[in-house]
Amino acid sequence: MRLEGKVALITGAGSGIGQAIVERFAAEGARVVINYRPGGKHSGEEAAKLITGRGQKATAIAANVDNRAEVEIMVQQTVATFGRLDIAVCNAGIEIKKPFQDVTDDEWHKVMGVNLYGSFLVSQAAVRQMIKQGQGGRVIFMSSVHEDIPFPGYTAYCASKGAIRMMMRNLALELAQHKITANNIAPGAISTPINEKVMKDPDALKAAAAQIPWGRFGKPEEVAAVAVFLASDEAEYVTGSTYYVDGGLTRQVPKA
Ligand code: BGC
């Protein structure tokens, strides 16, 4: 087992990619904290029960990632429950589709709040704990192919993901002295609730899949597999990079 003895906090873990990471990490021997949005559609309580039912270790914590007090309490609860924190996966993310000229302040702040400020708060609280422990650590940000390529109609989303790319690079340099690595995973189109609308519309799904060299959407488990590697001891020398899991989406040649 590749994460034996480690404690991992995964945000936005009540569904989609976060949930798949929780499952894989628990199976690899980590004790997992499943963060989910209070009052949201996807609670992490069920997943925690399933995991503990299998004899693995998990707890669910409701907290808004864009609220400093809630994030700090969540990290304190993690340490109170499992004694330490080794791996933080800043995965919680939202997107709102709107033509640029119509985006409201509220929409901008909501997307930037969860995606960027939330990643800042969670990684900062986690890193403070890791530095205190003095045994290194892992920070993994869930960015997107849109940390690099544009996505018309999603300006705030792209801005937040592009900013996460630079935040991660800075963390990698600043935290190397503490033996804490920082990396991004950049998923392409993955079968998760964020893509529910497209997935329910056969024509839209066909059109979207046709744009992916691999010819299909990715599975959450395919993203989780990369997260396990980055979280593991084997990835000690891996820091400051983005790992694409996109079926070649970012590298495609425009269709004639
Ligand atoms: C977005 C999805 C989109 C995918 C590929 C992701 O970051 O959340 O809505 O399908 O990128 O464009």
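Here are some notes on the cores and the central strands of this predicted model.

1. Start with S5 (137–142). Six of its six residues are buried, so the strand is largely enclosed by the rest of the structure. Side chains in a regular strand alternate between the two faces of the sheet. Here both faces are covered: Gly137, Val139 and Phe141 sit on one side, with Arg138, Ile140 and Met142 on the other, and all are buried.

2. On one pairing, S4 runs parallel to S5, and four bridges join them. If you want a register marker, Ile87 stands opposite Arg138 in S5. Helix H4 (residues 105–133) completes a right-handed β-α-β unit with S4 and S5.

3. S5 also pairs with S6 (residues 180–187), again in the parallel sense, over six bridges. Phe141 is opposite Asn184 in S6. With helix H5 (residues 155–175), S5 and S6 make a right-handed β-α-β unit.

4. Now the packing. The largest nonpolar core has 34 residues, and Ile10, Ile21, Phe25, Val32, Ile34, Val89 and Ile185 have the most contacts inside it. Elements supplying at least two residues each include strands S1 (7–10), S4 (87–90) and S5, plus helices H1 (16–27) and H8 (220–231). A second, separate core holds 31 residues, among them Ile61, Leu121, Phe141 and Ala172.

5. Ile185 is worth clicking on. Leaving out residues up to four places away in sequence, it touches Ile140, Phe141 and Met142, as well as Val223, Val226, Ala227 and Leu230, among others. Tyr243 and Val245 are also on its contact list.

Note on methods: Residues numbered from 1 in each chain as written. Predicted model: local features only at pLDDT ≥ 70, side-chain atom pairs only at ≥ 80, totals over all residues. Heavy atoms only, no water. Core = buried A, V, L, I, M, F, W, Y, C linked by side-chain atoms within 4.5 Å. Buried < 20%, exposed > 50% of the residue type's maximum accessible area, 1.4 Å probe, protein only. Contact = heavy atoms within 4.5 Å. Pairing = 2+ DSSP bridges. Right-handed = clockwise from strand over helix to strand, strands pointing away.
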